[in-house]
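Open the model in your viewer and keep the sequence panel beside it. The stops below each begin with a selection to make, followed by an account of what is there.

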Amino acid sequence: MPKAIRIPQAGGPEVMQYVDVDVGAPGPGEAQVRHHAIGLNYIDVYFRTGLYPQPLPGAIGLEGAGVVTAVGEGVAHVKVGDRVAYSDRPPGSYAELRNMPARPLVKLPKRVDFETAAAMMLKGLTVQYLFRRTYKLQRGQTILFHAAAGGVGLIAMQWAKALGVTVIGTVGSEEKAALARRFGCDHTILYKRENVVERVREITDGAMVPVVYDGVGKDTFQASIDSLQPFGLMVSFGNASGPVPPMALTALRGSLYITRPTLMAHIANRTNLEEMAADLFRMVGSGKVKIEIDQRYRLADAVQAHRDLEARKTTGSSVILP
């Protein structure tokens with residue numbers, strides 16, 4: 001029988017169980033996918049801990065790449081044998097084989113292999129909507145991007161460089177600073193021992209930045225707000241350090257804007273998904289964005305993968321192999 005990870009209740013990495021699953025035929029609107037690679041993302045931690053609630057017992061994982069092995073009634077945009085990738089709900093990608101809604105599946109170009117696809121769909125589509133939809137970056141601008149050496153961060157560094165944008169990136173160590181710079185980050189800030197706001201002020205000669213991309217959350221939120229220039233946009237797209245506490249609107253002094261975008265909202269429309277995926281595939285296919293896979297785990301070792309992820313021991317992207 002195929003293997004999968006299931007979570008009987010919310011909790012730490014140890015709640016994940018490696019079990020046999022019975023996968024029947026796909027239902028109407030569904031496709032059956034045999035995974036060749038699975039994405040590991042911090043959002044998986046949110047589902048595991050219950051920060052993002054789901055019915056329990058449940059599955060986990062939002063990203064994968066593989067081959068369609070069967071399709072249900074009404075599915076026309078993919079067929080048996082297609083190489084596909086996806087990043088969307090419902091959770092369940094931590095599996096050798098699964099039935100899932102066919103709507104989020106996109107066909108892979110021949111030049112994109114399964115591991116690359118599994119490592120880039122969620123992170124790459126996130127960067128696409130952050131840079132091209134949430135705030136459309138323009139050549140010559142300077143931005144602040146937190147966790148510059150993470151999976152999303154390394155894609156963002158390269159994409160920003162391709163757009164002619166200067167990036168100030170926060171990192172947790174000298175090693176991660178060197179990694180971020182290697183992928184295009186112009187200025188790095190060691191947030192654990194440097195004052196982020198003062199360094200942004202110094203780098204920008206007091207102008208500050210028009211937009212901050214913050215996937216860290218609680219630990220960086222105030223520094224993000226304080227690094228914005230008047231009419232600047234704070235983009236809060238993650239909670240790696242915990243959720244942001246409630247704040248008063250008066251904190252947005254300087255006529256600031258704040259948004260909490262999600263990938264799922266952007267790709268709910270099939271046309272948007274196809275356009276965003278095509279943009280991502282173009283960037284990767286051109287060589288302007290290279291996907292760094294620094295960690296590979298077996299599906300049976302998902303617990304260790306989550307421990308490493310939460311301890312911030314990982315860099316670049318990570319994949320789980322069935």
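The tour goes from the whole chain to single elements and side chains.

**Before you start**

This is a predicted model, in which local features need pLDDT of at least 70 and side-chain atom pairs count only at pLDDT 80 or more, whereas totals for chains, interfaces and linings use all residues. Residues are numbered from 1 along each chain as its sequence is written, and side-chain values use heavy atoms, with hydrogens and water left out.

**Stop 1: the whole chain**

Select the protein chain and colour it by secondary structure: there are nine helices and 16 strands, where helices (H or I, at least four residues) and strands (E, at least two) are DSSP runs numbered from the N terminus. Along the principal axes, the C-alpha atoms fill a box of roughly 60 × 40 × 35 Å. The radius of gyration of the protein chain is 20 Å, which agrees with the value near 20 Å that a compact globule of 322 residues would have; this radius is taken over C-alpha atoms, and the globule rule is 2.2 Å times the number of residues to the power 0.38.

Now colour by accessibility. Buried residues make up 56% of the 322 residues, with buried meaning under 20% relative accessible area, exposed over 50%, and partly exposed in between (1.4 Å probe, protein chains only). The chain exposes about 13,400 Å², of which carbon and sulfur atoms supply 52%; accessible areas come from the Shrake-Rupley method with a 1.4 Å probe, and for residues only the protein chains shown count as cover. If you draw contacts (heavy atoms within 4.5 Å), then among those between residues at least 6 apart in sequence, 67% join residues at least 24 apart.

**Stop 2: helix H8**

Select residues 270-285, which form helix H8: its 16 residues reach 22 Å from the first C-alpha to the last, close to the 22 Å expected at 1.5 Å a residue, the expected span being 1.5 Å times one less than the number of residues. Just ahead of the helix, show Asn-269, a side-chain oxygen of which reaches to within 2.9 Å of the backbone nitrogen of Thr-271 at the start of H8. At the other end, just after H8, Gly-287 takes a positive phi of about 85°.

Which residues of H8 are buried? They are Leu-273, Met-276, Ala-277, Asp-279, Leu-280, Phe-281, Met-283 and Val-284. To see what covers the buried residues, add strand E8 (106-107), helix H2 (114-134), helix H3 (151-163) and helix H7 (263-267), which are included in that cover.

**Stop 3: salt bridges**

Stay on H8 and display Arg-282 and Asp-279, whose side chains meet in a salt bridge (3.6 Å, N to O), a term that requires a side-chain nitrogen of Lys or Arg within 4 Å of a carboxyl oxygen of Asp or Glu. Because Arg-282 and Asp-279 are three residues apart in helix H8, about one helical turn separates them. Asp-279 counts as buried, at 15% relative accessibility.

Next select helix H5 (residues 196-203), where Glu-198 and Arg-201 are likewise three residues apart, about one turn of the helix, and form a salt bridge with the closest N and O atoms 2.7 Å apart. Glu-198 is partly exposed, with a relative accessible area of 43%, and Arg-201 is partly exposed at 35%. Arg-199 pairs with Glu-194, the closest N and O atoms being 3.0 Å apart; here Arg-199 counts as buried at 18% relative accessibility, while Glu-194 is partly exposed at 27%. Finally, show Lys-79, Asp-82 and Lys-107, which are linked in a network of salt bridges. The count for the model comes to 17 salt bridges.

**Stop 4: Ser-224 and Pro-261**

Select Ser-224 in helix H6 (residues 221-226), which counts as buried at 0% relative accessibility. Its side chain makes a polar contact with the side chain of His-146 (2.8 Å), a polar contact being a pair of N or O atoms within 3.5 Å; within protein, one must be able to donate a hydrogen and the other to accept it, and residues adjacent in sequence count only if both atoms are side-chain atoms.

Move last to Pro-261, in the loop between strand E14 (257-259) and H7, which is buried at 10% relative accessibility. Leaving out residues up to four places away in sequence, Pro-261 touches Tyr-129, Leu-130, Thr-134, Val-235, Ser-236, Phe-237 and His-266.
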